[in-house]
Amino acid sequence: MKRNTLNHLSNAIVLAASLLISATASAAPAAFEVKVSGTGAPVILIPGLASSGEVWDGTVEHYCGSGKRQCHVLTLAGFAGVPAIEGALLPAVEQQLSDYIAKQKFKQPVVIGHSLGGFIGLKLAADHPDQVGRLIIIDSLPALGATQLPSATSAQLKEMAEGMRSRMMAQDAATAAAGQQQILRTMVTKQQDIDRIEAWGKRSDRATVINAMADLMSEDMRQNVSRIKAPTLVLGSWIAYKDYGTKPVFEQMYATQYRQLAGAKVELSDNARHFIMYDDPAWMYDRIDQFLN
């Protein structure tokens with residue numbers, strides 16, 4: 001083989017390797033996995049903290065089994081066995097979800113988010129208002145950290161969230177597990193659902209869960225929701241917290257937090273705890289059906 005041919009071959013190999021390394025280095029680690037089912041108009045479903053996309057199984061069956069809609073169900077990085085990523089999870093999910101919508105050439109899909117996933121839905125719709133067609137929020141608020149202190153400023157929310165992050169990181173495994181069991185009993189009613197959610201938590205990356213929770217508590221979207229163009233339905237719960245106030249008290253809290261989101265429709269279930277899709281699915285589907293139709 002001639003020297004010039006060898007040189008050209010060597011240069012081509014180096015160039016190919018450089019392009020491969022560059023492409024690998026520039027590709028962002030996946031902030032979520034997606035499971036697609038059904039055909040038709042796209043619906044994106046985002047689960048909450050430490051939850052698997054399986055939390056939406058009943059919802060997927062209801063909306064994407066008829067041939068009219070196609071469900072794109074996310075499970076976020078670090079949750080329920082999906083590998084964790086470095087850095088802040090929430091902004092990575094938001095940006096990659098926006099990229100996913102663009103790549104799939106979706107024309108304003110329906111976005112449904114629960115809890116942490118609901119907040120991500122709010123952020124997506126506020127920062128990329130032309131990408132979301134209709135927005136459905138399941139028991140989530142623009143400023144979760146301000147529920148007990150409505151006058152809290154963004155700086156105060158961040159300070160409180162950092163304190164929470166430090167306390168949670170310092171907990172030993174036994175204390176953390178006991179706390180999770182106690183919290184889950186306020187969030188869902190049936191033992192089989194508690195067990196299922198607890199199992200997802202055990203398969204989640206502890207640091208990712210803590211950091212995502214702290215980051216959520218530090219956020220304040222109460223003013224920024226005004227940028228959302230999508231018609232929005234907010235479904236909430238209150239019955240688990242009846243010792244702290246009546247239904248009108250919680251309705252007022254939701255109305256106050258969503259005040260800047262023009263036209264938002266807010267309804268609270270009388271029977272469901274935080275996981276409305278498990279505790280009162282018929283009520284949830286009825287409200288969503290009316291909203292989508």
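Contact here means heavy atoms within 4.5 Å, and the views below are taken from a predicted model.

**View 1. The seven-stranded sheet and its edges.** In this predicted model, seven strands form an open sheet with mixed pairing, in the order β1-β3-β2-β4-β5-β6-β7. Strands β1 (32–38) and β7 (265–269) stand at the edges and have a single partner strand each, so one side of each is left without a neighbour in the sheet. From one strand to the next, the twist averages 15°.

**View 2. Pairing of β4 with β5.** Strand β4, which spans residues 110–114, pairs with strand β5, residues 134–138, in the parallel sense and over five bridges. Within this pairing, Val-110 stands opposite Arg-134 of β5.

**View 3. Helices α2 and α3 against the sheet.** Helix α2 (residues 57–64) packs on the sheet, where it touches β1, β2 (41–46) and β3 (69–76), and the direction of α2 makes about 165° with that of β3. Helix α3 lies across β1, β2 and β3 and runs at about 40° to β1.

**View 4. Packing of α3 with α4.** Helix α3, residues 89–103, and helix α4, residues 116–127, pack at an angle of about 60°, and their axes are 10 Å apart. Because this angle falls neither under 35 degrees, nor over 145, nor in the range 65 to 115, α3 is oblique to α4. The crossing of the two helices, α3 and α4, is right-handed. On the α3 side the contact is made by Leu-90, Val-93, Glu-94, Leu-97, Ser-98 and Ile-101, and on the α4 side by Leu-116, Ile-120, Lys-123, Leu-124 and Asp-127. Divided by class, the residues of this contact between α3 and α4 are seven nonpolar, one polar and three charged.

**View 5. Packing of α5 with α8.** Helix α5 (residues 154–170) packs with helix α8 (residues 206–218) at an angle of about 160°, with the axes of the two helices 7 Å apart. Since angles over 145 degrees count as roughly antiparallel, α5 and α8 are therefore roughly antiparallel to each other. Helix α5 passes α8 in a right-handed crossing. From α5, the residues Ser-154, Leu-157, Lys-158, Ala-161, Met-164, Arg-165, Met-168 and Met-169 meet Arg-206, Ala-207, Ile-210, Asn-211, Met-213, Ala-214, Asp-215, Met-217 and Ser-218 of α8. The contact of α5 with α8 comprises ten nonpolar, three polar and four charged residues.

Key. Residues numbered from 1 in each chain as written. Predicted model: local features only at pLDDT ≥ 70, side-chain atom pairs only at ≥ 80, totals over all residues. Heavy atoms only, no water. Axes fitted to C-alpha atoms, helices over the stretch in contact; angles between N-to-C directions. Helix = DSSP H or I, 4+ residues; strand = E, 2+ residues; numbered from the N terminus. Left-handed = near helix turned anticlockwise from the far one by under 90°. Nonpolar A, V, L, I, M, F, W, Y, C, P; charged D, E, K, R; others polar. Pairing = 2+ DSSP bridges.
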